[in-house]
Amino acid sequence: MNIVLIGFRGAGKSSLAEILSKKLSMKVISSDDLIEKQENKTVQEIVVENGWKYFREVEASIIEKISDEDESVIDTGGGVVENPLNIDHLRIRGFLVYVSAGLKDIKNRVMHDSTRPKLNPLLNIEDDIVFAFNRRAPMYEEFMDFRVNTSTHSIEECAQQIIKEIEK
Ligand code: S3P
């Protein structure tokens, strides 16, 4: 079984993936890292040079590949829920954990990070975050098997909650 972390940018997926991997001796697979390796560009460069549509296509093909893995912690990009096929693939062997956080925390963590390209270039950075957050929150809710909240609990506590749940 894979533990698949889904959730908005800045929710803490990558930090949680590292802790889970250490505690459970499972490897971490980051879809964004694999996309960057395959394209030999950063996410930012891919989006600027090829656009979001291309990024989402590459993301979908990487997600399909990594869904074949087992005993891994899969760290997905925040937009993975935009394509329902991604979720179908990730579900095959995956326990989907929604790494949630309050909008205020997400804003604080993401607003000043220039490595994360805006989803809608027509919006200012704050509206871009709020708009995507409100649109995606119900999707994460719909697809998740389990939720943790990094606004109300530390990353360590979230990791413990996930481990308790999967060991039930
Ligand atoms: C995206 C989130 C990013 C990355 C890309 C698209 C999104 O991943 O995949 O910039 O659509 O929210 P993180 O959630 O790891 O920042």
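Helices here are DSSP runs of H or I with at least four residues, and strands are runs of E with at least two, both numbered from the N terminus. Counted that way, the chain has 7 helices and 5 strands. Please keep in mind that this is a predicted model.

**The chain as a whole**

Following the sequence, you will meet the elements in the pattern β-α-β-α-α-β-α-β-α-α-β-α. The C-alpha trace spans about 45 × 35 × 25 Å along its principal axes. How does the radius of gyration fit with what a compact globule of 168 residues would have? The chain has 15 Å and such a globule would be near 15 Å, so the two agree.

Contacts tell us how the sequence is brought together. Taking the contacts with a separation of 6 or more, 73% join residues that are 24 or more positions apart. Buried residues account for 45% of the 168 in the chain.

Here are some whole-chain values side by side:

| Property of the chain | Value |
|---|---|
| Exposed area | about 8,500 Å² |
| Share of the exposed area from carbon and sulfur atoms | 51% |
| Distance between the mean positions of the 22 positive and 29 negative charges | 3 Å |

**Around Asp32**

Now for a closer look at one residue. Asp32 belongs to helix 2, which covers residues 31-39. Is Asp32 buried, partly exposed or exposed? Its relative accessibility is 25%, and since partly exposed covers the range between under 20% (buried) and over 50% (exposed), Asp32 counts as partly exposed.

Which residues does Asp32 touch, once neighbours within four places in sequence are set aside? Asp32 is in contact with Val43, Phe55 and Gly77. Another residue to look at is Val58: 26 residues separate Asp32 and Val58 in sequence, while their C-alpha atoms are 9.9 Å apart in space.

**Phe55 and its aromatic partner**

One of the contacts of Asp32 is Phe55, and this residue leads us to the aromatic rings. Phe55 has a relative accessible area of 3%, so it is buried.

The whole structure holds 4 aromatic pairs. In one of them, the ring centres of Trp52 and Phe55 lie 5.4 Å apart with the planes at 90°, which makes the pair edge-to-face because planes over 60 degrees apart count that way. Both residues sit in helix 3 (residues 43-66), and because they are 3 residues apart there, about one helical turn separates Trp52 from Phe55.

Taken together, Phe55 is a contact of Asp32 in helix 2 and also the ring partner of Trp52.

Methods:
Residues are numbered from 1 along each chain as its sequence is written. This is a predicted model: local features need pLDDT of at least 70, side-chain atom pairs count only at pLDDT 80 or more; totals for chains, interfaces and linings use all residues. Side-chain values use heavy atoms; hydrogens and water are left out. Buried means under 20% relative accessible area, exposed over 50%, partly exposed in between (1.4 Å probe, protein chains only). Contact means heavy atoms within 4.5 Å. The radius of gyration is taken over C-alpha atoms; the globule rule is 2.2 Å times the number of residues to the power 0.38. Accessible areas come from the Shrake-Rupley method with a 1.4 Å probe; for residues, only the protein chains shown count as cover. Lys and Arg count as positive and Asp and Glu as negative; His and the chain ends are not counted. The place of a charge is taken as NZ of Lys, CZ of Arg, CG of Asp or CD of Glu. Rings of Phe, Tyr and Trp (its six-membered ring) pair if their centres lie within 6.5 Å; planes under 30 degrees apart count as stacked, over 60 as edge-to-face and the rest as tilted.
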